[in-house]
Every structure is written in structure tokens, then in C-alpha cells.
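Q: Could you walk me through one part of this model in detail? I'd like to start at the surface and then follow the charged pairs.

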Amino acid sequence: KEAALATVLDGLAKILQKETEHSVQAEAQARIERKKHLIDTGLQFVRDGQIAKGRAFLKRVIEEFSQEEGIRVQIAQIFAAAALHQEAAETYEEAIAKQPRDPAAYTGAVASWMELHEYEKAENVYKAVLRTFGGHPSTFGKMAQLYLVWRKRQPAEDMALRALHDDPEQADALEVMAALERR
């Protein structure tokens, strides 16, 4: 009788395991649907001109899925695409604080601050990039462009020269130097 009982118990264990796997999959699918619903609803409100409601739905995505890696950058990209640059910049800044090794957060933050003409904040993000990732000719070239737009001639030239020192072909730096020569 023990063999029969063992067979029955083994069968029950397999059934329970399949049900558990199915339950986990269903729960994961429900989470994906919930996230999609919140994003879609938020975007619809933004399209309809109800910015506050749209912002609230998109921020709720961050709250509910905060453990998900990259969620802040994803929502910040949505804000940026909807031309909500202030919200995008703030959300990118949150992403930097939570995941300081995510380069997309820094790139997005700079772009959003530049859209808002918040040059000092963009400069602070670049300084954080230098602290986190170190100096790179591309970063120096982009900083030179920031300073050029900001009308800070000397820092623009300094950064461009720094970029060109490490990479004589750095496009952003060459562009800045050409613009400075024309002035």
C-alpha cells in the first residue's frame, strides 16, 4: 500500500506545483496588465490636456512598480516624449539617486534640464557623471556645448580643449571650437 500511496502523493505534488506555477504566471501577467493600464491611462489624460491627472497616473506607476529596475527612467522618457520636461527632469534625478550607474538617467536629465534652460542643473548632472563614470572626451565635448549655449565662453573653450586633448576628432568639441572662432 505504501507504493500506491507514494504514487498518489507524487501525483498530488505535481498538480500542486503546476497550480503554483500557473498562479505565479497569472500574477505576473496581472502586474504587467496593471502597469500597461496605468501608463495608457496616464498618456490618454496627457493627450486630452489633463496634465495633472496624466502625471498622477504615471507617478503611480513608479510607486506601484518601484522595485522594478529602470522604471523611473521609463516613466521619465514618457514624460519627456509628452514634452513634460520638468516632470521628466525630476524623475530622471530620482532615477540617478536610486540607480547611480544607469547612464540613461544622466543623459535624460541633461536633455530635460537643457529643454527647460536650467543650465546650472544640467551642469550639476554632468559633474555627477564625471564623479560616477570619470572623465571621457564625449562628456567633455557635451559639457563644452552646454557652456556654449549658456554663453560661458571660457568654460566652453576649456572643456572643448580637454575633450580634444584626449580625442582630437571629438565632434562636439570641434563644433564648439568652430563656433567660438566665429564669435
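A: Happily! A patch joins residues with over 30% relative accessible area and no salt bridge: like charges within 9 Å, nonpolar side chains (Val, Leu, Ile, Met, Phe, Trp, Tyr) within 5 Å. This model is predicted, so local features need pLDDT of at least 70 and side-chain atom pairs 80 or more, while totals for chains, interfaces and linings use all residues. Numbering runs from 1 along each chain as its sequence is written, and side-chain values use heavy atoms, without hydrogens or water.

On the surface, Leu5, Val8, Leu9, Leu12 and Ile15 make up a nonpolar patch with about 470 Å² of accessible area together (Shrake-Rupley, 1.4 Å probe). Leucine 12 belongs to helix H1, residues 2-47 (a DSSP run of H or I, at least four residues). With a relative accessible area of 45%, leucine 12 is partly exposed (buried is under 20%, exposed over 50%).

Helix H1 also holds lysine 14 and aspartate 10, four residues apart, about one turn of the helix. They form a salt bridge (Lys or Arg side-chain nitrogen within 4 Å of an Asp or Glu carboxyl oxygen), the closest N and O atoms being 3.7 Å apart. Lysine 14 is partly exposed at 48%, as is aspartate 10 at 42%.

Further along helix H1, arginine 34 meets glutamate 64 in a salt bridge, 2.7 Å from N to O. Glutamate 64 lies in helix H2 (residues 51-64), so this pair ties together parts 30 residues apart in sequence. Arginine 34 is partly exposed at 33% relative accessibility, and glutamate 64 is partly exposed at 29%. A search of the whole structure finds eight salt bridges.

How values were computed: Helices (H or I, at least four residues) and strands (E, at least two) are DSSP runs, numbered from the N terminus. Buried means under 20% relative accessible area, exposed over 50%, partly exposed in between (1.4 Å probe, protein chains only).
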